[in-house]
Amino acid sequence: MKHVRPQEVELPRPQARLQVLVVDDSAAQRQLLKSVLGRMGLDVIAVEGAAQALHLCMSDEGADIRMVLSDWQMPGMDGPDFCRAFRQLARDDYAYFILMTSETDRSVKARGLEAGADDFVTRPLDMAELRARIKTGQRILDMQEALLHRNHEVRTTLADLTALHDALNRDLAEARGLQRAFLPPRKLRMEGSELFLRLVTSGQIGGDLVGYFPISDHQIALYSVDVSGHGIASALLTGRLAGLFSWTSRRANIAFRDDGCTVDPPDCVMTRLNEFMLQDLTSDIYFTAALAYVDTRTGRVDFCQAGHPHPLIRRASGEVERVGNGGMPVGLIPEAQFECHRATLRPGDCLLAYSDGLTECVDTWGEMLDEEGLMTLLSTAPAGTEDAVAHIEAALRDHVGIQDFEDDISMLCYRFDHPGLAMELRE
């Protein structure tokens with residue numbers, strides 16, 4: 001895609017010869033100054049009064065004047081008043097203003113400074129002093145011009161960075177939409193049972209993944225994944241894993257064997273993912289995960305926890321249990337061992353799988369919610385899965401206050417009630 005700057009920044013015009021305006025009611029003084037300044041390589045314009053000088057400065061001819069050398073005592077408008085009027089003109093460039101005066105009183109000179117003068121030359125003129133004052137003004141104007149060019153470079157670079165940032169944000173927004181397209185519908189309702197999943201990314205794109213896929217007419221797989229790090233690399237791996245846990249294609253799903261009918265146990269799937277991460281990917285990224293197979297008839301849950309937060313079960317009585325033993329993350333150690341565990345859901349029980357963005361959610365004082373806090377939230381959550389997830393998310397937002405979430409928030413809540421076969425997907 002061709003990069004187009006949102007707005008071109010105009011480069012300041014280089015000045016070939018410094019143009020000086022001499023304002024003096026004495027024709028002899030004007031001629032002397034034109035001669036002296038001309039020998040210094042300056043382009044000199046001389047006028048006899050302030051009114052004529054202002055008229056010239058407001059014309060196109062006076063647009064390039066960068067230095068003014070004005071007498072103090074002049075008929076009509078004096079030097080300080082002329083300086084004040086000159087400063088009020090709309091000009092693109094700064095002009096260095098020197099007043100020529102025989103005044104030595106500091107309070108009188110202060111009036112000239114207040115009017116906007118930059119320097120003074122004492123009369124009668126000392127040509128060596130005049131040349132020194134002119135050269136000082138030239139150095140200041142040269143530094144100003146160099147600064148204008150540097151500012152132009154900064155503005156141009158900033159415009160380029162802004163355009164790139166906007167383009168990146170657009171791409172990230174597209175990537176976020178594609179990332180969410182990998183996920184199955186948020187709601188799955190079965191006869192007597194249901195589940196709901198929620199994913200909130202802390203940035204444009206995230207490294208968390210939650211979802212499910214059917215195994216048979218009475219079995220469903222639930223998974224929760226948290227990829228290390230943040231940003232594009234983590235999001236790309238999340239998208240790859242979403243494809244490996246495809247809920248629409250058994251042949252693409254890493255849990256199914258070649259026959260497309262039988263699944264390997266959750267611990268074997270983790271072993272296969274570990275080999276994939278270490279052999280097929282050349283990256284330091286790893287991930288934690290929990291994979292559970294739920295029998296929707298009996299409530300039996302076979303699951304593997306690979307460095308992921310402990311799944312929680314809220315019993316119908318309101319008691320919350322932590323299950324699993326932790327395990328190793330996926331993609332860190334070759335030939336890592338993973339274990340399969342079993343739990344049993346009874347009618348009215350809920351299973352919650354989640355990422356550590358929930359337990360490590362911090363408030364304005366830096367205090368984490370931690371696992372105990374999440375268990376308390378789950379124990380008081382409504383019975384319905386969608387309402388329970390909304391209850392937990394609202395409590396998390398209250399916990400962080402005015403801050404944003406520092407990490408992705410993802411959770412999947414499954415409620416087991418009565419055995420059933422019919423499954424209904426809802427967006």
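Contact here means heavy atoms within 4.5 Å. The model below is predicted.

Q: Which residues of α4 does α3 meet?
A: Let's start with a pair of helices: α3 covers residues 79-87, and α4 covers residues 106-115. On the α3 side, the contact is made by Pro80, Asp81, Cys83, Arg84 and Arg87. Their partners in α4 are Arg111, Gly112 and Ala115.

Q: How many residues of the contact of α3 with α4 are charged?
A: The residues of this contact fall into three groups. Of these, 3 are nonpolar and 1 is polar. The charged ones number 4.

Q: Is α3 roughly parallel or roughly antiparallel to α4?
A: The axes of the two helices lie 8 Å apart, and the angle between them is about 15 degrees. Angles under 35 degrees count as roughly parallel. Therefore α3 and α4 are roughly parallel.

Q: Is the crossing of α3 and α4 left-handed or right-handed?
A: Here we stay with the helix pair that packs at about 15 degrees. The crossing of α3 and α4 is left-handed.

Q: Is the protein more spread out than a compact globule, or not more spread out?
A: Now for the whole chain, which has 10 helices and 17 strands. For 427 residues the globule rule gives a radius of gyration of 22 Å, while the protein has 38 Å. Its C-alpha atoms fill a box of roughly 115 × 45 × 35 Å along the principal axes. Because 38 Å is well over 22 Å, the protein is more spread out than a compact globule.

Conventions. Residues numbered from 1 in each chain as written. Predicted model: local features only at pLDDT ≥ 70, side-chain atom pairs only at ≥ 80, totals over all residues. Heavy atoms only, no water. Axes fitted to C-alpha atoms, helices over the stretch in contact; angles between N-to-C directions. Helix = DSSP H or I, 4+ residues; strand = E, 2+ residues; numbered from the N terminus. Parallel < 35°, antiparallel > 145°, perpendicular 65-115°, else oblique. Left-handed = near helix turned anticlockwise from the far one by under 90°. Nonpolar A, V, L, I, M, F, W, Y, C, P; charged D, E, K, R; others polar. Rg over C-alpha atoms; globule rule 2.2 N^0.38 Å.
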